[in-house]
There are 2 protein chains.
Amino acid sequence: MTRVYISSVGMTRFGKREEGLLDLMVEASEKALGELDNCVDALFVGCQNPEELTGLGNISTRLASKIGHTPRPAVRIENSSGTGSAVLMNAFMAVRSGMFESILVVAGEKMTGVSTAKATRVLAEVLGENEREHGLTMTALGAMAARRYMHDFGLSREDLALVPLKNHRNGALNPNAHFQKEVTLEKILESRLIAEPLRLFDIAPISDGAAAALVSSHGGAVEIKGIGAGTESIAVEDRDSLTSLKATVEAGRMAYAMADLGAGDIDVAELHDAFSILELINSEDLGFFPKGESWKALKKGDTQIGGQLPINTSGGLKARGHPVGATGLAQMCEIFWQLTDDAGKRQVDGAKTGLAQNIGGFGCNNVVTILTRC
Amino acid sequence: MTRVYISSVGMTRFGKREEGLLDLMVEASEKALGELDNCVDALFVGCQNPEELTGLGNISTRLASKIGHTPRPAVRIENSSGTGSAVLMNAFMAVRSGMFESILVVAGEKMTGVSTAKATRVLAEVLGENEREHGLTMTALGAMAARRYMHDFGLSREDLALVPLKNHRNGALNPNAHFQKEVTLEKILESRLIAEPLRLFDIAPISDGAAAALVSSHGGAVEIKGIGAGTESIAVEDRDSLTSLKATVEAGRMAYAMADLGAGDIDVAELHDAFSILELINSEDLGFFPKGESWKALKKGDTQIGGQLPINTSGGLKARGHPVGATGLAQMCEIFWQLTDDAGKRQVDGAKTGLAQNIGGFGCNNVVTILTRC
């Protein structure tokens, strides 16, 4: 079986950017490849909704044109906010199939070119129809999950705030992060209430940005050792639980089996904390902590840099930012840098195996990727 | 190397349909699989623009939810009007990689739920930005290609009309076609002028519909023997030629090489005739006829059913219809039926090898697939 590597990565700084979508994608590509010297066999592009957020369709061809990739193949992959890892997974399969030896994977989103109201409407298009019609938004669903978790497992509002507290501390060390400053517990707890119990600082921002990776069979510093995906009912009302995502459990099962590794082998992880509560839920779904116990590990400092299992060293979606289609691939950048001792002040000493978990929609199309140092 | 087969196919009737996008996708899936009995490892969904044409995002998860496919993986692929074959190509690679043994591939589009003006605007989002800003539409570009071809190669307006004449004749034999009636040469030549020299009957209609295929390594009646993709500058102004598409030439090169077959081995072909002129251009780019000569073969009857190389036995985009994201996979359905002697009155006797060519955007992201009878 062909082994598949990530040879290099790159990303733009996330945040409110002046540049357009394509320019951000080009910037990330150049950072991953150095010169765009036509060294790849195919271009795989991830973007959640370029049409409604930027007015541009046919985005894979548009980028191929712009970087001089023609006449070679280009394709777009889209799985809502799980796009960035879905495009990596499809590139992984394409290389493993023998069709292509090297693929430039690029994922990006430009969100601040439209009003927050429009962006919110566009994001809500990915929810179940009945739930949308009744006015549910992503954040409302996140709030319901948080309330249920607090009820079932004794999490306090103050302890939930430790997630963004940690992630802002990490983001302050990340030159690519949307927010590069620490915040205080008071600031989080006094921030604007968005959907009870979630406040502004529990919620990832609307960002612009792009990430890129060179995926190939030629070898590289990091191997894609395991990758898996899972789905769950698009409507939250149809699910068994608000505090566990079956799509993550299934994706994790596949990825661990392929890598022949378990939760205990992971040295560093990037988890999809679009809402603070999700970091806790995700870490339990992946087997890092028993159900209902992850917040205790957080409180003990186990998931901070220097702890037993650092989570979201990049700052996570909350502080690094969340240009929806780009997020999953930005997670790979962080894990790559951790595994190549290139994470600067965020470095986890001796990290050999990293895991990234990316969510599409409200937890319904998730990918788990396990990378190992070569 | 794992061999990849199409085990079964299905499609809805194309046309103006009452049903919504998901219902059309379910109908096609049921026709391909019989019972949707959870027999596949993954779901690959193609759709060009569900967000703007139907208001629905996260379409792969939405379909997975609806057909009870969860918790297994689902992904959406999008390459403009080349989506239907791009999704097949990605499923082909996924099966060949060994990640999945069987994949349900579904491609669909619901276009008539919005006004023709809106659909036209949405379709124009895939064009080059400068060309869009100057008011160019898909049809205007098709007209420029037609005018250039007529100038360079002596094609008359009357002979160009032989393309829709043939394709309507074929569509009249296809119970899944949008238009199931023959038209006369007079009707074509007297139809409304849309963009000189193209008239209404030179242009594929706006349609609803979906197609599906079961792709697997378990064997099947038809093998995916070769598949390739190519790109070209998104802006037509940047190209060397109006009468040849480099993306088709490159895709054909890859597909022929993989299949170890040549143009002379093809018994039946489905080509992307979004505009009548494209059928001629495509057939030359694929090496079926010398440059500038394809219309002579058409005039002799070589490309009609019963001729040397029947083209668009389904009726093509013109008569079968063109729900943009579905078209490439509907082409596979037709070739599958031809290779399994299941094409009814359209049957090409003894067809053993078929080719499908699908265009994304205005000729800039194309896929060529070669299927063989097992």
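Lay chain B on chain A and you get an RMSD of 0.0 Å, using a turn of 180 degrees and a shift of 0.0 Å along the axis; the superposition is by least squares on the C-alpha atoms of residues with pLDDT of at least 70 in both copies. The two copies are thus related as by a two-fold rotation axis. Within chain B, B:Ser97 comes closest to that axis, at 1.9 Å (C-alpha). Both copies use the same surface, since 100% of the contact residues of chain B recur in chain A; contact here means heavy atoms within 4.5 Å.

A word on ground rules: this is a predicted model, where local features need pLDDT of at least 70 and side-chain atom pairs count only at pLDDT 80 or more, while totals for chains, interfaces and linings use all residues. Side-chain values use heavy atoms, without hydrogens and water, residues are numbered from 1 along each chain, and chains are lettered from A in the order in which they are written.

On to the core. The largest nonpolar core has 94 residues, and A:Phe44, A:Phe100 and B:Phe44 touch the most other members. Such a core is a set of buried Ala, Val, Leu, Ile, Met, Phe, Trp, Tyr and Cys residues joined through side-chain atoms within 4.5 Å, with buried meaning under 20% relative accessible area, exposed over 50% and partly exposed in between (1.4 Å probe, protein chains only). Leaving aside neighbours within four places in sequence, B:Phe44 has contacts in both chains, including A:Asn90, A:Met93, B:Asn90 and B:Ile103.

B:Glu232 is an odd one: buried, yet without a salt bridge, as the nearest side chain of opposite charge, B:Arg239, is 4.1 Å away. A salt bridge needs a side-chain nitrogen of Lys or Arg within 4 Å of a carboxyl oxygen of Asp or Glu. B:Glu232 sits in the loop between strand 8 (222–231) and helix 11 (246–259) of chain B, and its contacts include A:Thr61, A:Ser65, A:Thr70 and B:Cys364.

That cysteine is buried too, at 0% relative accessibility. Its sulfur is 16 Å from the closest cysteine sulfur, in A:Cys47, so the two are too far apart for a bond. Over all chains there are zero disulfides, a disulfide being a pair of cysteine sulfur atoms within 2.5 Å.

Finally, some backbone details:

| Site | Feature | Value |
|---|---|---|
| A:Thr70 to A:Pro71 | cis peptide bond | omega near 10 degrees |
| A:Glu196 to A:Pro197 | cis peptide bond | omega near 10 degrees |
| A:Asp260 | positive phi | near 55 degrees |
| B:Asp341 | positive phi | near 55 degrees |

A:Asp260 is exposed at 69% relative accessible area, whereas B:Asp341 is partly exposed at 47%.

Note on methods. Helix = DSSP H or I, 4+ residues; strand = E, 2+ residues; numbered from the N terminus. Lys, Arg positive; Asp, Glu negative; His and termini not counted.
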